[in-house]
Amino acid sequence: MGQLQKRLDTIANNLANSDTAGYKKRQAKFSDLLYQQIQNQPNAEPTKTTPAGIRVGSGARITATTQVLTQGPIKATDRSLDLALLAENLLFEIQGNNGETPTQYTRSGAFYLSPLPNDSGLSLVTADGRSVMGYNGPIVLPPDTKSIEIDDQGVVQAVLADGTRAGVDSLKIVTALKPQFLLSTGDNTLQVDPEMNADLIVGAYAPQGPVVQQGALEQSNVDVGQEMVQLLETQRAFQLNAKSISYANDMMGIVNSIR
Amino acid sequence: MKNLYNKTTKILILGVPPVFKGFYTAASGMLALQRRQEMLTNNIANINTPGYKADQASMRSFPSMLLNEMSGTGFFGNNTPEKKQIGSISTGVYAQDVTPLFVQGDLQQTDLYTDLSLVQQGGFINEETGRPSSILFTVENQNGETRYTRNGSFSVDDIGNLVTSTGEFVLDVNGERINVGANQFKVDDQGYITVNGAQQGRIGIAFIEEANMLVKEGSGLYRLEGAGAVGQAYDNPNVNFQVRQGFIERSNVNIEETMVNMMNTFRAFEANQKVLQAYDRSMEKAVNEIGRIG
């Protein structure tokens, strides 16, 4: 039942994030527990066609909650700072917490502009204020930028007040080679497990077709209908296991009341 | 007084008092039913485990004993003891076997390309012996031994090997570990693995002739006891199956049947308790009241 509780938590988290842009749902994987071998016959019979003894199982457990990284639906928002990644396994690179390593990654492209001190420019940041990285460091737009244009390969251009365009940088987009080894660090960010070699997990992105769409956001890939069905399944399994406990309890009560 | 005459040499209950034989029989009944209930509870706990095969228990009666009646025939005033057989009595019951039921479970579509499942067409019952055979994935455990599993919830480890969700390596037709690198791979319904358009290998699917000799070890693994034949399922023309990617095979536990069996087991357990109580009261009378003076 404890494992079912964890599954319920996973489903609840998925449902709570069904509207979060860029969220990737998690699935719980089950496995059965060890079996205890009981010798129930002291002498094996030669005509027996099954292995000796009986095995009593001890239940089930959750072995992993894997992230399912399928592409979520793209919703057009017409906001020029909303970006959606169009292929699976691609991520934006953002600066780590308080400028420290390790770097973090995100799938959610809802960005904002934050003015730098001394009016030296506008930096492209996430909702928490962390800079979005380009190939030459954090992306900083000139202070007199009127609007921003990002093409489908992630090249950022600032349109200045006088109508001229200034190339700024290219968004640093990386490929998650082994996405199942990325840890969720909250606020839509992902991080490489510090014990693993980062080069094996995240690699440079090889351009192939349109990658970024400006003015759109990728929605969560949670299928609410599917999650509700799993929720009902988990509830039923919970009830059945509770009934098993109740039977075991009653049987012990019967033994106790023999005399 | 009845004198019990033991027919077989295998006595499974020692120190049986000659009078209330049924006392230990009822106790053995309770123990056997308790094993059965444990097995049913384990089945219920595993209704969400992919590839889980429901266990079935078989109960067996202990070897029967013959009952003889000692009586005397009077003849010219002599009493010649004579033994007369009056039938046999079973001395109890025990849970003899817990065997997995190798019936195909339902398929559930997941969105993970690392989930594989086996879909067998037909029940694979051996016609001569009536015993089932089965097909399973071959895996290598941490000690390098070969194990089998139906749980196709695989994933890829950090060096690119295809592994189960508990870390065993999935083997190909040659018994080697499968390395798919960092990329997405495709598996077709005959088990051929394609990585980036190039064929990489073939998933090893073992055909176990005597499925009843498979022993559950936990974590979805089966071990083959005895020297049964293990061949690749692809080579066997009578075996029709498919490998489906993106699906997992659900547990084949039948919930309604299991719950009904649990109810029956519980009531039988209760009935055995009543038998024990009846013997207890009889013995109480025998011990405390027979021969009491005053």
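This short talk goes through the contact between chain A and chain B, then the overall form of chain B, and then three residues.

Before anything else, please keep in mind that what we are looking at is a predicted model, and that the values I quote are computed from it.

Let me begin with the interface. On one side, 58 residues of chain A take part, and they are in contact with 68 residues of chain B. Putting the two chains together buries about 5,200 Å² between them, and carbon and sulfur atoms give 57% of that area. As for specific interactions, there are three salt bridges between chain A and chain B, and one of them joins Arg259(A) to Asp280(B), where the closest N and O atoms are 2.8 Å apart. Polar contacts across this interface come to 16 residue pairs, with both residues at pLDDT 80 or more.

Which elements of chain A give two or more residues to the side that touches chain B? They are helix H1 (2–16), the strands S1 (26–32), S2 (35–38), S3 (54–57) and S4 (60–67), and helix H3 (224–256). Of these, H3(A) gives the most, with 13 residues. If we sort the residues on this side of chain A by character, we get 23 nonpolar, 21 polar and 14 charged.

Staying with chain A, I would like to turn to Asn221(A), which is found in the loop between strand S23 (216–218) and H3. Is Asn221(A) buried or exposed? Its relative accessible area is 9%, and because the cut-off for buried is under 20%, Asn221(A) counts as buried. A polar atom of its side chain lies 2.9 Å from the backbone oxygen of Val68(A), and the side chain also makes a polar contact, at 3.1 Å, with the side chain of Thr70(A). Leaving aside neighbours within four places in sequence, the residues in contact with Asn221(A) include Tyr23(A), Lys24(A) and Lys25(A), as well as Leu69(A), Gln71(A) and Gly72(A).

Now to chain B as a whole, which has two helices and 21 strands. Its radius of gyration is 28 Å, well over the 19 Å that the globule rule gives for 294 residues, so chain B is more spread out than a compact globule. Along the principal axes, the C-alpha atoms of chain B fill a box of roughly 100 × 40 × 35 Å. Of the 294 residues, 45% count as buried, and of the contacts in chain B with a separation of 6 or more, 66% come from residues 24 or more positions apart.

Within chain B, consider Asn252(B), in the loop between strand S21 (247–249) and helix H2 (255–288). Asn252(B) is buried, at a relative accessible area of 13%, and its side chain reaches the backbone oxygen of Val103(B) at 3.1 Å. Not counting residues up to four places away in sequence, Asn252(B) touches, among others, Tyr52(B), Lys53(B), Leu101(B) and Gly105(B).

The last residue is Gln200(B), in strand S15 (residues 198–202) of chain B, which at 42% relative accessibility counts as partly exposed. A polar atom of the Gln200(B) side chain lies 2.5 Å from the backbone oxygen of Asn179(B). Beyond neighbours within four places in sequence, Gln200(B) is also in contact with Val180(B), Ile193(B), Thr194(B) and Val195(B). Finally, Gln200(B) and Phe185(B) are 15 residues apart along the chain, and their C-alpha atoms are separated by 9.2 Å.

Notes. Residues are numbered from 1 along each chain as its sequence is written. Chains are lettered from A and ligands numbered from 1 in the order in which they are written. This is a predicted model: local features need pLDDT of at least 70, side-chain atom pairs count only at pLDDT 80 or more; totals for chains, interfaces and linings use all residues. Side-chain values use heavy atoms; hydrogens and water are left out. Contact means heavy atoms within 4.5 Å. Buried area is the accessible area (1.4 Å probe) that two parts lose on being put together, summed over both. A salt bridge is a side-chain nitrogen of Lys or Arg within 4 Å of a carboxyl oxygen of Asp or Glu. A polar contact is a pair of N or O atoms within 3.5 Å; within protein, one must be able to donate a hydrogen and the other to accept it, and residues adjacent in sequence count only if both atoms are side-chain atoms. Helices (H or I, at least four residues) and strands (E, at least two) are DSSP runs, numbered from the N terminus. Ala, Val, Leu, Ile, Met, Phe, Trp, Tyr, Cys and Pro count as nonpolar, Asp, Glu, Lys and Arg as charged, and the others, Gly among them, as polar. Buried means under 20% relative accessible area, exposed over 50%, partly exposed in between (1.4 Å probe, protein chains only). The radius of gyration is taken over C-alpha atoms; the globule rule is 2.2 Å times the number of residues to the power 0.38.
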